[in-house]
Amino acid sequence: MIYYTADLHLHYAPLLAGRPFATVAEMDEALIRNWNNVVTEADTVYLVGDVGYNGGYVPLDALRRLKGHKHLIRGNHDTGFEDAVRLYECFETVTDFNEIDDGDSHVILCHYPILYRKRGYMIHGHLHHGRGAEFEMLRQLPKVLNAGVDVNFYRPVALAQLIENNRAYYAGELDDLIPPPPHITRGTEGWLPAKPDFRPIPPRP
């Protein structure tokens, strides 16, 4: 089985204000538990960016506990790791863009949403569960799917469930369960610098 997810942001305290967890430890444990309750070691998971935060190091302690064959499509919080080569300890591939076939559906994968209307689906992260201009645009594009945990109940999902979750989210049917997040104050720990810390994907050792 193939699963999709994004925006785990392991160890990242500023996101607690918009998530139903009291502490970072509680959030991390819930994300790991939910993942492993869904995914088996035989399954494949595409994580469409932002495994941790811009704190300098890969969150290996948590990533090592996640089941399955994992593939990372890097997000803006994944490009500045000092120890980026260690991503290969947990991910079979590390890319900035990917294309796969999931059954009869062709899927393109990028952390940032790409306008897409043709066959198959475009799967992204990055936007979390905001309700800004991007939300209004993407609700008109049912083939562009948000894999972020904030929209998918903090667990990886298969394509059919991802399609349904996005349909309900953009239709407003999940507003009580997934309210818009509060504003996060710029300058909190892990906030991205004004100039993105973008480093090329390191070669596999």
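**Pockets, fold and a few residues of a predicted model**

About 150 Å³ of space lies in the second largest pocket. The model is a predicted one, and this pocket makes a handy place to start. Its lining takes in one run of names from Gly18 through Arg19 to Pro20, then His129, Asp150, Phe153 and Tyr154, and finally Leu177, Ile178, Pro179 and Pro180. Sorted by class, that lining comes to seven nonpolar, two polar and two charged residues.

The largest pocket has a volume of about 510 Å³. A set of 22 residues lines the largest pocket, and those nearest its centre are Leu15, His126, His128, Ile184 and Trp191. Here the split by class is 10 nonpolar, nine polar and three charged residues.

Next comes the chain as a whole. Its secondary structure is made up of four helices and eight strands. Going along the sequence, these elements turn up in the order β-α-β-α-β-β-β-β-β-α-β-α, so to speak the outline of the fold. A compact globule of 205 residues would have a radius of gyration near 17 Å, and because the protein chain comes out at 16 Å, the two agree. Along the principal axes, the C-alpha atoms fill a box of roughly 40 × 40 × 35 Å.

How much of the chain is buried? Of its 205 residues, 53% count as such. The accessible surface adds up to about 9900 Å², and carbon and sulfur atoms hold 55% of that. As for who touches whom, take the contacts in the chain with a separation of 6 or more: 65% of them are between residues 24 or more positions apart.

Two residues of helix α1 give a closer look. Ala30 sits in this helix, which spans residues 24–38, and Ala30 counts as buried because its relative accessibility is 5%. Between Ala30 and Gly130 there are 21 Å in space, C-alpha to C-alpha, and 100 residues in sequence. Asn36 also belongs to helix α1. With a relative accessibility of 19%, Asn36 falls under the 20% cut-off and therefore counts as buried. Which residues does Asn36 contact, once its neighbours within four places in sequence are left aside? They are Arg65, Leu66 and Lys67. Asn152 is 116 residues away from Asn36 in sequence, yet the C-alpha atoms of the pair are 15 Å apart in space.

The backbone has some spots worth a mention too. Most residues other than glycine have a negative phi. Asp7, although not a glycine, has a positive phi of about 60°. Asp7 is found in the loop that runs between β1, residues 2–5, and α1. Is Asp7 buried or exposed? Its relative accessibility is 0%, so Asp7 counts as buried.

Tyr154 has a positive phi as well, about 60°, and is not a glycine either. The loop that holds Tyr154 lies between β8 (144–146) and α4 (159–170). At 13% relative accessibility, Tyr154 counts as buried. This brings the account back to where it began, since Tyr154 is one of the residues that line the second largest pocket.

Terms used:
Residues numbered from 1 in each chain as written. Predicted model: local features only at pLDDT ≥ 70, side-chain atom pairs only at ≥ 80, totals over all residues. Heavy atoms only, no water. 1 Å grid on protein atoms, 1.4 Å probe; cavity = no way out; pocket = protein on both sides within 12 Å on 5 of 7 lines; lining within 4 Å. Points joined across faces, edges and corners; volume = space filled by probe spheres on them. Nonpolar A, V, L, I, M, F, W, Y, C, P; charged D, E, K, R; others polar. Helix = DSSP H or I, 4+ residues; strand = E, 2+ residues; numbered from the N terminus. Rg over C-alpha atoms; globule rule 2.2 N^0.38 Å. Buried < 20%, exposed > 50% of the residue type's maximum accessible area, 1.4 Å probe, protein only. Contact = heavy atoms within 4.5 Å. Areas by Shrake-Rupley, 256 points an atom, 1.4 Å probe, with all protein chains shown as cover.
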